[in-house]
Amino acid sequence: MEQLKGWLTASEAAERLGVKPATLYAYVSRGVLARRRAPEGQSLFDPAEVERLARRGRPRRATGSSEVVIESRITALGEDRPFYRGHDALDLAGRASFEEVAEGLWTGEFTPGERDWRAAETGLAVGRAAGAALPGNVLPLDRIQAIVPALAATDPLRGNLDPAAVVDVGRALVAGIVDCLPARGAASGTSIAARLAARLGAEQPFVDGVRTALVLLADHELAASTLAARVAASVRADPYAVVTAGLATVSGALHGGASLGAEALLDAVPEPADAGDVIGLRLRRGERIPGFGHTVYKSGDGRAGVLLGRVRAAAPDHPVLLTAQALLDAARRRKLPEPNVDFALATLTKAAGLPTGAGEAIFAVARVAGWLAHAIEEYERRTPLRLRAVYIGATE
């Protein structure tokens with residue numbers, strides 16, 4: 001075969017391999033095939049590498065692994081951080097409001113400026129009533145899971161899936177979730193971060209930490225909850241139902257609930273000097289250490305460093321920071337993975353004196369932005385997502 005010249009586009013590489021574009025990107029995600037980005041964002045492939053793979057045949061999938069590949073313009077995952085529509089999330093965390101980032105994810109326009117996000121009074125009344133009917137010791141995420149359907153029931157136009165309508169729903173839904181939570185303090189401003197901080201009981205020095213967390217957690221490509229949200233959107237579930245699907249998935253201990261485990265780890269250390277013993281005992285029992293390691297960021301989660309920096313700036317001498325640092329030191333001595341954003345989020349909630357499970361609530365409010373961004377993209381596809389199973393059960 002004549003030697004290929006020049007880098008191949010995705011469609012050219014897929015045609016040479018005899019696979020669909022989704023399969024081509026699956027090869028990329030599994031490390032079978034490398035790609036580079038053209039300045040305009042186009043994926044390019046080395047023709048020599050494509051040719052070698054074509055001659056070798058399709059790679060077999062490792063037993064027990066699974067993957068879903070969907071083309072998206074929303075979030076790309078870098079070596080240690082996400083990029084929202086090409087914007088570095090760590091950079092945005094240093095300067096942007098959550099509202100700006102959310103609208104940027106929804107529309108592609110990251111425009112600074114004040115926003116006034118409000119929910120309708122009817123929705124607020126029903127949402128607060130739904131929350132008030134729950135026991136007082138219910139975790140914040142459980143309250144949010146009750147509030148969202150109540151807000152949906154008061155919106156007769158929720159079936160409008162036009163992008164502009166979904167953006168309007170997004171603003172009102174986020175505001176409604178936050179403003180329906182029980183108040184633990186007075187808000188220091190009108191932003192979503194200030195209002196959420198007040199609802200969770202954070203004082204003024206920690207409001208910027210809440211804002212930072214919201215921005216850093218707004219989206220993370222095809223995380224489990226986002227896939228659930230996209231599946232719901234693909235069959236034309238309304239935006240409230242999309243968020244409900246995301247909330248159900250994000251509550252898992254290996255997803256948004258991971259910060260709850262990290263909170264428990266911080267609570268388990270009575271004094272900083274005990275950090276090594278606490279981690280050592282967990283390792284001896286064969287338990288995973290919550291808040292450390294990431295399936296994507298093998299060399300470290302950049303979001304963790306940024307958020308921990310905000311906590312240190314807010315309360316440099318706080319005892320929780322001493323405990324957190326002792327855990328970090330003990331983990332490094334034992335060659336554990338670097339801390340992830342869940343550890344930083346737990347450190348924020350403990351230092352700010354927030355209730356148990358506050359990290360899950362911050363995570364969920366933030367991720368509503370991402371779920372609805374993916375829903376808008378999925379609504380435009382107009383074809384249901386239909387995953388397939390490989391049957392390995394008994395045969396007659």
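In helix α13, the buried residues (buried being under 20% relative accessible area with a 1.4 Å probe, protein chains only) are A258, S259, A262, E263, L265 and L266. Looking down the axis of α13, these residues fall within an arc of 160 degrees, so they line one face of the helix; the arc is taken from the directions that run from the helix axis to the C-beta atoms. Helices here are DSSP runs of H or I with at least four residues, strands are runs of E with at least two, and both are numbered from the N terminus. The cover over the buried residues of α13 includes α14 (275–284), α16, α17 and α18. This is a predicted model, in which local features need pLDDT of at least 70 and side-chain atom pairs count only at pLDDT 80 or more, while totals for chains, interfaces and linings use all residues. Residues are numbered from 1 along each chain as its sequence is written, and side-chain values use heavy atoms, with hydrogens and water left out.

Helix α17 (residues 341–351) is mostly covered, with ten of its eleven residues buried. Among them are V341, D342, F343 and L345. The buried part of α17 packs against α10 (207–216), α13 (258–267), α15 (302–314), α16 (319–333) and α18 (358–381), going by contacts, that is, heavy atoms within 4.5 Å. At the N-terminal end, N340 acts as the cap of α17: a side-chain oxygen of N340 sits 3.0 Å from the backbone nitrogen of D342. After α17 comes G353, with a positive phi near 70 degrees.

As for nonpolar cores, these are sets of buried Ala, Val, Leu, Ile, Met, Phe, Trp, Tyr and Cys residues joined through side-chain atoms within 4.5 Å. The largest one has 105 residues, and F98, W106, L196, L214 and L247 have the most contacts inside it. Helix α18 supplies the largest share of this core, 15 residues. Setting aside neighbours within four places in sequence, F98 touches residues including W117, I192, R211, L214 and V365. A second, separate core of 14 residues includes L8, Y27, V28 and F45.

Two residues of that second core, L8 and F45, also turn up as bridge partners, with F45 lying in β3. Strands β1 and β3 (residues 43–45) run antiparallel and are joined by two bridges; strands count as paired if DSSP finds at least two bridges between them. The open sheet has three strands in the order β1-β3-β2, with antiparallel pairing. Its edge strands, β1 (8–9) and β2 (36–37), each pair on one side only.

Note on methods
Buried means under 20% relative accessible area, exposed over 50%, partly exposed in between (1.4 Å probe, protein chains only). A polar contact is a pair of N or O atoms within 3.5 Å; within protein, one must be able to donate a hydrogen and the other to accept it, and residues adjacent in sequence count only if both atoms are side-chain atoms.
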